[in-house]
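Here's a quick tour of the charged and aromatic side-chain contacts in this one. Have the structure open as you read.

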Amino acid sequence: MSEHGNAGARERIEEKASEAYDAVRERTHGLVDDIREQAETIAARQKAMIADRIDGTAAAIRKAAEEFDAQQQPVMAGYAEDIATAVGSVSKAVRNREVSEIAEDVEDLARQHPGLCLAGCVLLGFAAARFLRAVAEPRPRSRVAAAPSSGPGMGGPV
């Protein structure tokens, strides 16, 4: 084969390799886009579930506040209501912000105010324990005096 024939074959090989490379690159970009879209969908679902759970936590804390109020502990009721309001705000933030923004905010808060985070966790735990204890306590039942099972006129031996 001549040099001219080798050059033509070489150009065809380079052209085919370039086409194959472009096809692989295009397919890879398509797969990456599909994966990114699926990850965003999953993150959105998870974010909504987390926000729902936070709403549930806020509702539980509000019930604890009501319980404190019923037990005539207005200071604790006020603290619990304030916490419930703050937790509700967190839920709204979770719903309205991107996952990466939320992670950055939590990290910044924990770094800037570690004592506040610890105090909030302790207070939340205390309120949840009080609420759970109040819910778990058995309610007093009205007791009916048991009639004697034996004796005159009661169906027992005479």
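## A bridge between two helices

Start with arginine 95 and aspartate 52: they form a salt bridge, and their closest N and O atoms sit 2.6 Å apart. Arginine 95 belongs to helix α2 (residues 74-96) while aspartate 52 belongs to helix α1, so this pair ties together parts that are 43 residues apart in sequence. Keep in mind that you're looking at a predicted model.

How buried or exposed are the two partners? Arginine 95 comes out as partly exposed, at 37% relative accessibility. Aspartate 52 is partly exposed as well, at 44%.

## Within helix α1

Now look at helix α1, which spans residues 3-70 and holds both aspartate 33 and arginine 36. These two are three residues apart, or about one turn of the helix. They form a salt bridge too, with 3.4 Å between the closest N and O atoms.

On the accessibility side, aspartate 33 is partly exposed, with a relative accessible area of 44%. Arginine 36 is also partly exposed, and its value is 47%.

## One more pair, and a network

Further along the chain, arginine 97 makes a salt bridge with glutamate 101. Here the closest N and O atoms are 3.9 Å apart, and the cut-off for a salt bridge is within 4 Å, so the pair counts. Arginine 97 has a relative accessible area of 30%, which makes it partly exposed, and glutamate 101 is partly exposed at 33%.

Some salt bridges share partners, and these join Asp52, Asp55 and Arg95 into one network. Searching the whole structure turns up eight salt bridges; the pairs described above are among them.

## The aromatic pair

How many aromatic pairs does the structure hold? Just one. Phenylalanine 68 and phenylalanine 126 make up this pair, and their rings are stacked, with 6.4 Å from centre to centre and 15° between the planes. Phenylalanine 68 lies in helix α1 and phenylalanine 126 in helix α4 (residues 114-136), so the pair ties together parts that are 58 residues apart in sequence.

Is each ring's residue buried or exposed? Phenylalanine 68 is buried, with a relative accessible area of 2%; buried means under 20%, so it qualifies. Phenylalanine 126, on the other hand, is partly exposed, with a relative accessible area of 39%.

Technical notes. Residues numbered from 1 in each chain as written. Predicted model: local features only at pLDDT ≥ 70, side-chain atom pairs only at ≥ 80, totals over all residues. Heavy atoms only, no water. Salt bridge = Lys/Arg side-chain N within 4 Å of Asp/Glu carboxyl O. Helix = DSSP H or I, 4+ residues; strand = E, 2+ residues; numbered from the N terminus. Buried < 20%, exposed > 50% of the residue type's maximum accessible area, 1.4 Å probe, protein only. Phe/Tyr/Trp six-rings, centres within 6.5 Å; stacked < 30°, edge-to-face > 60°.
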